[in-house]
Amino acid sequence: MPASAAIVIWTAGLGRGDPGYGGWAYVKATGPVLTGVAGGDRRTSSDRMVLTAMAEGLASLSEAAPSTAVIVQTDHGLVVEQATKFLAHWRGLGAKGPPATPDEHRDLWERIALLARARPGPVAFSRLRNPSGEAGFVDAWAAFGRDKAKTSGAFSAPIPKNNLAKFPRAD
């Protein structure tokens with residue numbers, strides 16, 4: 001993959017009840033190579049599942065070139081807005097100390113910030129708006145995670161390659 005090509009991570013999180021059971025998923029494109037993971041948990045919320053998907057997607061970047069740009073997409077506009085503001089604040093502080101984090105789901109916000117801050121290349125968050133394309137595919141895996149968590153409890157597992165071959169990439 002050329003150093004200038006961005007890595008794109010599509011994320012989704014769903015929940016039923018608050019707290020209830022929920023699922024999350026991400027699909028990552030590193031050039032033409034797709035990877036993905038789906039998971040779920042009990043006694044959680046939809047917001048927590050969205051943040052889990054973002055954190056897990058960022059955690060999957062360990063083998064990517066550090067200077068490669070990363071774009072994290074989700075269909076939750078408020079999370080995109082919060083992540084953009086929070087991470088800009090965090091990067092601006094440098095080593096002076098942690099920024100004020102959103103109170104709810106603080107552990108996940110801090111994990112996302114640490115993972116994004118560890119990358120010298122840019123990390124951007126954007127809104128995913130195509131329900132029949134990438135968003136629909138990732139949502140379906142988050143729904144799978146939610147339904148499996150309801151019956152089996154917390155888990156995470158790779159999305160099979162034969163399923164990833166059906167991913168509707170717009171790029």
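**Exercise 1. Which residues does L14 touch, not counting residues up to four places away in sequence?**

Before we start, keep in mind that this is a predicted model.

*Step 1.* Find L14 in strand 1.

*Step 2.* Look around it, skipping residues up to four places away in sequence: L14 touches Y21, G22, G23, S46, M49, D139, A142, A143 and R146.

*Step 3.* Now try a long jump along the chain. L14 and F144 sit 130 residues apart in sequence, yet their C-alpha atoms are 9.8 Å apart in space.

*Step 4.* Is L14 buried, exposed or partly exposed? Buried needs under 20% relative accessible area and exposed needs over 50%. L14 comes out at 23%, so it's partly exposed.

**Exercise 2. Work out which parts of the chain build the largest nonpolar core.**

*Step 1.* Start with the head count: the largest nonpolar core has 28 residues, and M54, L58, V70, I112 and F125 have the most contacts inside it.

*Step 2.* Next, list the suppliers. At least two residues each come from strand 1 (7–17), strand 2 (20–30), helix 1 (46–59), strand 4 (70–74), helix 2 (77–93), helix 3 (106–117) and strand 5 (123–127).

*Step 3.* Who gives the largest share? That's helix 1, with seven residues.

*Step 4.* Zoom in on V70. Leaving out residues up to four places away in sequence, V70 touches I7, I9, L58, L61, R119, P122, V123 and A124.

*Step 5.* Don't stop there: another core of 17 residues lies apart from the largest one, and W10, A25, A29 and F137 are among its members.

**Exercise 3. Track down salt bridges that involve helix 3, and say what each one links.**

*Step 1.* Recall the basic idea: side chains of opposite charge can pair when their charged atoms come close. This structure holds four salt bridges, and we'll go through some of them.

*Step 2.* Take D107 and R48, whose closest N and O atoms are 2.6 Å apart. D107 belongs to helix 3 and R48 to helix 1, so this pair ties together parts that are 59 residues apart in sequence. D107 is partly exposed at 43%, and R48 is partly exposed at 25%.

*Step 3.* Now E56 and R111, which meet in a salt bridge at 2.9 Å, N to O. Here too distant parts of the chain are linked, with E56 in helix 1 and R111 in helix 3, 55 residues apart. E56 has a relative accessibility of 26%, so it counts as partly exposed; R111, at 31%, is partly exposed as well.

*Step 4.* Finally, R106 and E110 form a salt bridge at 3.0 Å, N to O. Both lie in helix 3, four residues apart, or about one turn of the helix. Residues three or four places apart in an α-helix point the same way, because there are 3.6 residues a turn. R106 is partly exposed at 37%, and E110 is partly exposed at 26%.

**Exercise 4. Describe helix 4 and what covers its buried residues.**

*Step 1.* Helix 4 runs over residues 134–152, which makes 19 residues. From first C-alpha to last it reaches 27 Å, close to the 27 Å expected at 1.5 Å a residue.

*Step 2.* Pick out the buried residues of helix 4: E134, A135, F137, V138, W141, A142, A143, G145, R146 and A149.

*Step 3.* What covers them? The cover includes strand 1, strand 2, strand 3 (33–44), strand 6 (155–158) and helix 5 (161–164).

*Step 4.* Check what comes next along the chain: G153 follows helix 4, and its phi is positive, near 90°.

Methods. Residues numbered from 1 in each chain as written. Predicted model: local features only at pLDDT ≥ 70, side-chain atom pairs only at ≥ 80, totals over all residues. Heavy atoms only, no water. Core = buried A, V, L, I, M, F, W, Y, C linked by side-chain atoms within 4.5 Å. Buried < 20%, exposed > 50% of the residue type's maximum accessible area, 1.4 Å probe, protein only. Contact = heavy atoms within 4.5 Å. Salt bridge = Lys/Arg side-chain N within 4 Å of Asp/Glu carboxyl O. Expected span 1.5 Å × (residues − 1).
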